[in-house]
Amino acid sequence: MIMITGGAYQGKCSYAINMLGINEKDIIDGAEWDMNGRVKCIKNYHVLVRRLMDSGTDFIGFTERFISENPDCVVIINEIGNGIVPIDRNERLWRENVGRAGCLIARSSERVIRCVSGIGVVIKGE
């Protein structure tokens, strides 16, 4: 598994396509994915966490299953834990839960890349 993280609109998908050789049509969007089948690359995993929370699904259990069923997947997830802490409780929970899911994914990844302005910096692996 490879995890690509960074802020919104920092070129994470382009990095996956250009540097990792991912075909654009193989990138599934976590905002729309039906949560079935194997995945080669998923973007917006942070949005998937929100969807899981909204449906009452255990996002930790889901993420653990996702990792075990998709060991070769590239996971693209936004960093949303920086900046001002939201006043809204649900927004804070989402932020915390995205961080927890990201930790699980990073722990299971052979490589973790942080992308800023389209430049990927490997923070785990080679």
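Where in the protein is V98 to be found? Select V98 and you will land in helix 4, which spans residues 89-108; the tour returns to this residue once the whole has been surveyed. Keep in mind throughout that the coordinates come from a predicted model.

**The whole chain**

Begin with the full view, coloured by secondary structure, in which four helices and six strands can be picked out. Followed along the sequence, these elements come in the order β-α-β-β-α-α-β-α-β-β. The radius of gyration is 14 Å, close to the 14 Å that the globule rule gives for 126 residues, so the protein is as compact as a globular protein of that length. If you align the view with the principal axes, the C-alpha atoms fill a box of roughly 40 × 35 × 25 Å.

With a contact map open beside the viewer, consider the pairs of residues in contact that are at least 6 apart in sequence: 61% of these contacts join residues at least 24 apart. Switching on the surface next, you are looking at an accessible area of about 7,100 Å², of which 49% belongs to carbon and sulfur atoms, while 38% of the 126 residues count as buried. Colouring by charge then brings up 16 positive and 16 negative side chains, and the centres of these two sets lie 3 Å apart.

**Helix 1 and the loop before it**

Select Y9, in the loop between strand 1 and helix 1. Although Y9 is not a glycine, its phi is positive, at about 60°. Is the residue buried or exposed? Y9 counts as exposed, because its relative accessibility of 83% is over the 50% cut-off.

Move on to helix 1, residues 12-20, and display the side chains of K12, Y15 and A16, which are the buried residues of this helix. Looking down the axis, you will find that they cover an arc of only 100°, which puts them on the same side of helix 1. An α-helix has 3.6 residues a turn, so residues three or four places apart point the same way. Which strands help to cover this buried side? The cover includes strand 1 (2-6), strand 4 (74-78), strand 5 (111-116) and strand 6 (119-124), so these can be added to the selection. Just after the helix comes G21, whose phi is positive as well, near 75°.

**M35, between two strands**

Go next to M35, in the loop that runs between strand 2 (27-29) and strand 3 (41-43). M35 is another residue to inspect for its backbone, since phi is positive here, at about 65°, although the residue is not a glycine. With a relative accessibility of 26%, M35 counts as partly exposed.

**Helix 3 and T63**

Select helix 3, residues 59-69, and within it T63. T63 counts as buried, at a relative accessibility of 1%. What does T63 contact beyond its neighbours within four places in sequence? Its partners are Y45, A101, L104 and I105, and showing them as sticks makes this part of the packing easier to follow.

**Along helix 4**

Return now to V98 in helix 4, where the relative accessible area is 4% and the residue is buried. Leaving out residues up to four places away in sequence, V98 touches H46, V49, I77, N78 and I80. As a distance to draw, take the C-alpha atoms of V98 and G125, which are 27 residues apart along the chain and separated by 22 Å.

R107 also lies in helix 4, but here the relative accessible area is 61% and the residue is exposed. A second distance can be drawn from R107 to C41: these residues are 66 places apart along the chain, and their C-alpha atoms are separated by 17 Å.

**Last stop: P71**

Finish at P71, which sits in the loop between helix 3 and strand 4. P71 is partly exposed, with a relative accessible area of 39%. Which residues does P71 touch, once those up to four places away in sequence are set aside? They are M1 and R38, and both can be selected together with P71 to view the contacts. As a final distance, draw the line from P71 to E110, whose C-alpha atoms are separated by 9.7 Å although the two residues are 39 apart along the chain.

Terms used. Residues are numbered from 1 along each chain as its sequence is written. This is a predicted model: local features need pLDDT of at least 70, side-chain atom pairs count only at pLDDT 80 or more; totals for chains, interfaces and linings use all residues. Side-chain values use heavy atoms; hydrogens and water are left out. Buried means under 20% relative accessible area, exposed over 50%, partly exposed in between (1.4 Å probe, protein chains only). The arc is that of the directions from the helix axis to the C-beta atoms. Contact means heavy atoms within 4.5 Å. The radius of gyration is taken over C-alpha atoms; the globule rule is 2.2 Å times the number of residues to the power 0.38. Accessible areas come from the Shrake-Rupley method with a 1.4 Å probe; for residues, only the protein chains shown count as cover. Lys and Arg count as positive and Asp and Glu as negative; His and the chain ends are not counted. The place of a charge is taken as NZ of Lys, CZ of Arg, CG of Asp or CD of Glu.
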